[in-house]
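Here is a quick tour for anyone meeting this protein for the first time. Have a look at the sequence and the fold, then read on.

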Amino acid sequence: MPEEESIDIKFRLYDGSDIGPFRYSAASTVDFLKQRVVSDWPKGKTVVPKGINEVKLIGSGKILENNKTVAQCKTPFGETAGGVTVMHVVVQPSPAKTKSEKKVDKAPKAVICTCTIL
């Protein structure tokens, strides 16, 4: 029975720190990788994802889709045997949250009128 291909991946965060490297099966999905990133997120970071929907993984300059497998996201060129693949992690708050924050920022301001007649 042939051995299943596995890939070493580390995740580079916004501040240059890394999570991993960890070994994943080539059949693992991007959704599974996002779950691992959220569960292993380092304590004390200023930006913390609340769920996998706020995490974007970037590999080879492309945002990876949740339903793709690691094997489908792997670049065929520039690989070294036994090398570690680096995926960049971007935390992007959900759009619903940013819209509600904008409403708070645009709260009505008190208008004070003064008239001077000379």
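## A pair of strands to start with

How many bridges join strand 1 to strand 2, and do the two run parallel or antiparallel? Strand 2 covers residues 18-25, and its link to strand 1 is antiparallel, with six bridges. One pairing to look for is Ile7, whose bridge partner in strand 2 is Tyr24.

Between these two strands sit five residues, and together the strands form a hairpin. Take a look at Gly16 in the turn: its phi is positive, at about 95°.

## The whole protein

Keep in mind that this is a predicted model. The protein has five strands and three helices. Starting at the N terminus, the order of elements is β-β-α-β-β-α-β-α.

The protein is 118 residues in length, and 22% of them count as buried. About 8700 Å² of the protein is exposed, with carbon and sulfur atoms supplying 56% of that area. As for contacts with a separation of 6 or more, 58% come from residues 24 or more positions apart.

## Strand 1 has another partner

Strand 1 also pairs with strand 5, which spans residues 84-91. Here the sense is parallel, and the pairing runs over five bridges. Ile9, for instance, has Thr85 as its bridge partner in strand 5.

## Asp8, a buried acid

Asp8 belongs to strand 1, which runs over residues 6-12. Is Asp8 buried or exposed? It counts as buried because its relative accessibility is 17%, and the cut-off for buried is under 20%.

What does the side chain of Asp8 make a polar contact with? The other party is the side chain of Arg23, at 3.1 Å. Setting aside neighbours within four places in sequence, Asp8 is in contact with Phe22 and Arg23, and also with Gly83, Val84 and Thr85.

## Lys34, a charge without a bridge

Over in helix 1, made up of residues 30-39, you'll find Lys34. Lys34 is buried, yet it has no salt bridge. Which side chain of opposite charge is nearest to Lys34? That would be Asp31, 6.2 Å away, while a salt bridge needs the charged atoms within 4 Å.

So what does Lys34 touch, not counting residues up to four places away in sequence? The list is Ile52, Val55, Lys56, Leu57 and Asn66.

Definitions and conventions:
Residues are numbered from 1 along each chain as its sequence is written. This is a predicted model: local features need pLDDT of at least 70, side-chain atom pairs count only at pLDDT 80 or more; totals for chains, interfaces and linings use all residues. Side-chain values use heavy atoms; hydrogens and water are left out. Helices (H or I, at least four residues) and strands (E, at least two) are DSSP runs, numbered from the N terminus. Buried means under 20% relative accessible area, exposed over 50%, partly exposed in between (1.4 Å probe, protein chains only). Contact means heavy atoms within 4.5 Å. Accessible areas come from the Shrake-Rupley method with a 1.4 Å probe; for residues, only the protein chains shown count as cover. A polar contact is a pair of N or O atoms within 3.5 Å; within protein, one must be able to donate a hydrogen and the other to accept it, and residues adjacent in sequence count only if both atoms are side-chain atoms. Lys and Arg count as positive and Asp and Glu as negative; His and the chain ends are not counted. Two strands pair if DSSP finds at least two bridges between them.
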